[in-house]
Amino acid sequence: MTRIGVITFPGSLDDVDAARAVRLAGGESVALWHGEHDLRGVDAVIVPGGFSYGDYLRAGAIASLAPIMSEVLAAARGGMPVLGICNGFQILCEAGLLPGALVRNAGLHFLCRDQRLVVESTASTWTSGYSAGAEIVIPIKHAEGRYVADADTLARLEGEGRVLFRYAGENPNGSLSGIAGIGSADGRVVGLMPHPEHAVESLTGPGTDGLAVFSSVLAAAAAA
Amino acid sequence: MPKPEILDPQGQAVAGALGRLGIAGVADVRQGKHFELEVDDAVDDETLHRIAGQLLANPVIEDWTVTRTS
């Protein structure tokens, strides 16, 4: 069975939900600890949401230097799939695995709502299970979710089809070009502000639109 | 400091609050961070810039300056 590691930092909130989403999608979740240099032989890694290290300095800045992250960086450069959700997306940007940065929402408010998204590209390890152009509903809950990048980076992301998720309808946080999630050039490293792990069961979320994120990576691992 | 092209809604909120204090003539406010480091004399300027660029600031969104005082 494909083993997906979920990192817990001090201040992580959604590690348990991410692990549960992995199991609901049919994978085995493996708990990883921020202070260790050990990925426990997992096939992929999820950097979950929350407020790692209290978001001191900048959201994700200190977590990007945690011992486990040096292992994640090395593994990602070797092709291991990595997903950053919300604070995890901020961490991957701070660590330099994904370009750009996440800054304070344009309206300053912490936003917590079910959000419509458009799946812009299925050419990534974590979105292959969607249909391109599909509109899905995934919760967002963040204060620092406004994606910014310089013009060259944005042009590259758009030109290479690396914008994977875009906010549908009104842009909730002022994110550049409505960007909600992006991927690396090889499509294996993905970060997004919305929380797919909170949309994997009808009982506890707005639906099950998030499940395909997790089933996508399991399918990719099975095909490898 | 946030780069000039980065929208700074926190600074804008401060600018709005100044208006409520009855203060006129402040065209813009931008909010940044200030760090004070106590270092040995052996820590050179290059190291201080490395500290600023690799940890204290995010070069994607922030500019920084280093000032040494005694």
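This report walks through a predicted two-chain model, from its scores to its sheet, one helix and a few loop residues.

**Scores and the contact between chains**

The prediction comes with an ipTM of 0.84 and a pTM of 0.94. For chain B the mean pLDDT is 93, and 100% of its residues are at 70 or more. Where the chains meet, eight residues of chain B are in contact with 11 residues of chain A. On the chain A side, that set breaks down into six nonpolar, three charged and two polar residues.

**The sheet of chain A**

Chain A has an open sheet of nine strands with mixed pairing, and the order is β2-β1-β3-β4-β11-β10-β9-β6-β7. Its edges are β2 and β7 (135-142), each of which pairs on one side only. Going from one strand to the next, the twist averages 25 degrees. As a reminder, strands in a sheet pair through backbone hydrogen bonds, in either the parallel or the antiparallel sense.

Let's take the stretch around β11(A) piece by piece. With β4(A), the pairing is parallel and runs over four bridges. Here A:Ile85 sits opposite A:Leu192 of β11(A). With β10 (residues 179-183) of chain A, β11(A) pairs in the antiparallel sense over three bridges. A:Leu192 turns up again there, as the bridge partner of A:Gly181.

Moving along, β9 (residues 163-167) of chain A is antiparallel to β10(A), and three bridges join them. In that pair, A:Val163 faces A:Ile182 of β10(A).

Which way do the residues of β11(A) point, and are they buried or exposed? A:Val189 and A:Gly191 point one way, A:Val190 and A:Leu192 the other, and all of them are buried.

The link between β10(A) and β11(A) is a hairpin with five residues between the strands, and A:Gly187 in it has a positive phi near 75 degrees.

**Helix α2 of chain A**

Helix α2 spans residues 67-77 of chain A, and its buried residues are A:Ile68, A:Met69, A:Glu71, A:Val72 and A:Ala76. Why do they count as lying on the same side of α2(A)? Because the arc they cover around the axis is only 155 degrees. The other side of α2(A) has A:Pro67, A:Ala74 and A:Arg77, which are exposed.

So what covers the buried residues of α2(A)? The cover includes β1 (3-8), β2 (28-33), β3 (44-47), β4 (82-85) and β11 (189-192) of chain A. Those five strands also appear in the order of the nine-stranded sheet. After α2(A) comes A:Gly79, with a positive phi near 105 degrees.

**Loop residues of chain A**

A few loop residues deserve a look of their own. Most residues that aren't glycine have a negative phi. A:Arg40 isn't a glycine, yet its phi is positive, about 55 degrees. Similarly, A:Tyr53 has a positive phi of about 50 degrees without being a glycine. A:Arg40 is in the loop between β2 and β3 of chain A, while A:Tyr53 is in the loop between β3 and α2 of chain A.

Are these two buried or exposed? A:Arg40 counts as exposed because it has 12 C-beta neighbours inside 10 Å. A:Tyr53, on the other hand, is buried, since 22 other C-beta atoms lie within 10 Å.

Two further loops are worth a stop. A:His109 belongs to the loop between β5 (101-103) and β6 (111-119) of chain A, and A:Ala134 to the loop between β6 and β7 of chain A. With 12 C-beta neighbours inside 10 Å, A:His109 is exposed. A:Ala134 has 14 such neighbours inside 10 Å, so it counts as partly exposed.

Each of these two loop residues has a C-alpha distance to go with it:

| Residue pair | Separation along the chain | C-alpha to C-alpha distance |
|---|---|---|
| A:His109 and A:Asn173 | 64 residues | 8.7 Å |
| A:Ala134 and A:Ser121 | 13 residues | 9.5 Å |

Note on methods. Residues numbered from 1 in each chain as written. Chains lettered and ligands numbered in written order. Predicted model: local features only at pLDDT ≥ 70, side-chain atom pairs only at ≥ 80, totals over all residues. Contact = placed C-beta atoms within 7 Å. Nonpolar A, V, L, I, M, F, W, Y, C, P; charged D, E, K, R; others polar. Buried ≥ 20, exposed ≤ 12 C-beta atoms within 10 Å, placed from the backbone. Helix = DSSP H or I, 4+ residues; strand = E, 2+ residues; numbered from the N terminus. Arc of directions from axis to C-beta. pLDDT = per-residue confidence, 0-100. Pairing = 2+ DSSP bridges. Axes fitted to C-alpha atoms, helices over the stretch in contact; angles between N-to-C directions.
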